[in-house]
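User: I should like to learn how to read the features of a structure that is new to me. Please give the general idea before each case.

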Amino acid sequence: MQILYFTMALFLLLNLIAGMWRVLRGPTAADRMLATQLFGTTAVAILLLLAQADDNPALRDVALVFAILAAVTAVAFVRRAWPVSETEDDPA
Amino acid sequence: MILLDYLSVALLIAGAFFFMAGTLGLLRFPDVYTRLHALTKADNVGLGLVVAGLAIQSDSLAGAGKLVLIWLLVLLAGASVANLIARGAIRRGIRLWKQ
């Protein structure tokens, strides 16, 4: 079982790295924010798997904090950090 | 390995598949709305399956309940993110993808 947990954590980590491409590419700020949403969900899964594999229940609390912060980051982004004039052809 | 272990392995692997589908959708879909659709649904199902696989391994009911609570929080975040970003994108005039 241990090996399966670690393999899955590694696989999810590779998913995260693949998601980095969307952060670099954009094209809009919303796309980049979506990638961070992916990071949040996947990080929760990775932490839960590692908590089980290592028998370290503290990691579950870290996952709990990630889950709460995932909602806060998105709200902060939409309300504060997303320029109103943005269009599809946003450079950068 | 007992039967419960096999069930747990099956759930975990199914969860990994859904995570992969979510990432593929984020990378391959053409605009922000379709990406939102891939991400906020597939990933949350994937996390739900992983949580289910781990919850049946946990030794106490409280431990399993905590895992489910984490999943519900992520679901809540996913639902609000999907709504906020889709509405914000419409308002900012980001066009919908047509063929």
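Analyst: Helices (H or I, at least four residues) and strands (E, at least two) are DSSP runs, numbered from the N terminus. This is a predicted model, in which local features need pLDDT of at least 70 and side-chain atom pairs count only at pLDDT 80 or more, while totals for chains, interfaces and linings use all residues. Residues are numbered from 1 along each chain as its sequence is written, and chains are lettered from A and ligands numbered from 1 in the order in which they are written.

User: How many helices and strands does chain B have?

Analyst: Chain B has 3 helices and 0 strands, and its pattern along the sequence is α-α-α.

User: What is the radius of gyration of chain B?

Analyst: That radius is taken over C-alpha atoms, and the globule rule is 2.2 Å times the number of residues to the power 0.38. For 99 residues a compact globule would have a value near 13 Å, whereas chain B has 17 Å. The C-alpha trace of chain B spans about 55 × 25 × 10 Å along its principal axes.

User: How many residues does each chain give to the contact?

Analyst: Two residues are in contact if their C-beta atoms, placed from the backbone, lie within 7 Å. Chain A gives 40 residues and chain B gives 38 residues. On the side of chain B that touches chain A, two or more residues come from each of helix H1 (3–28), helix H2 (32–55) and helix H3 (61–91) of chain B. The largest share, 13 residues, comes from H3(B).
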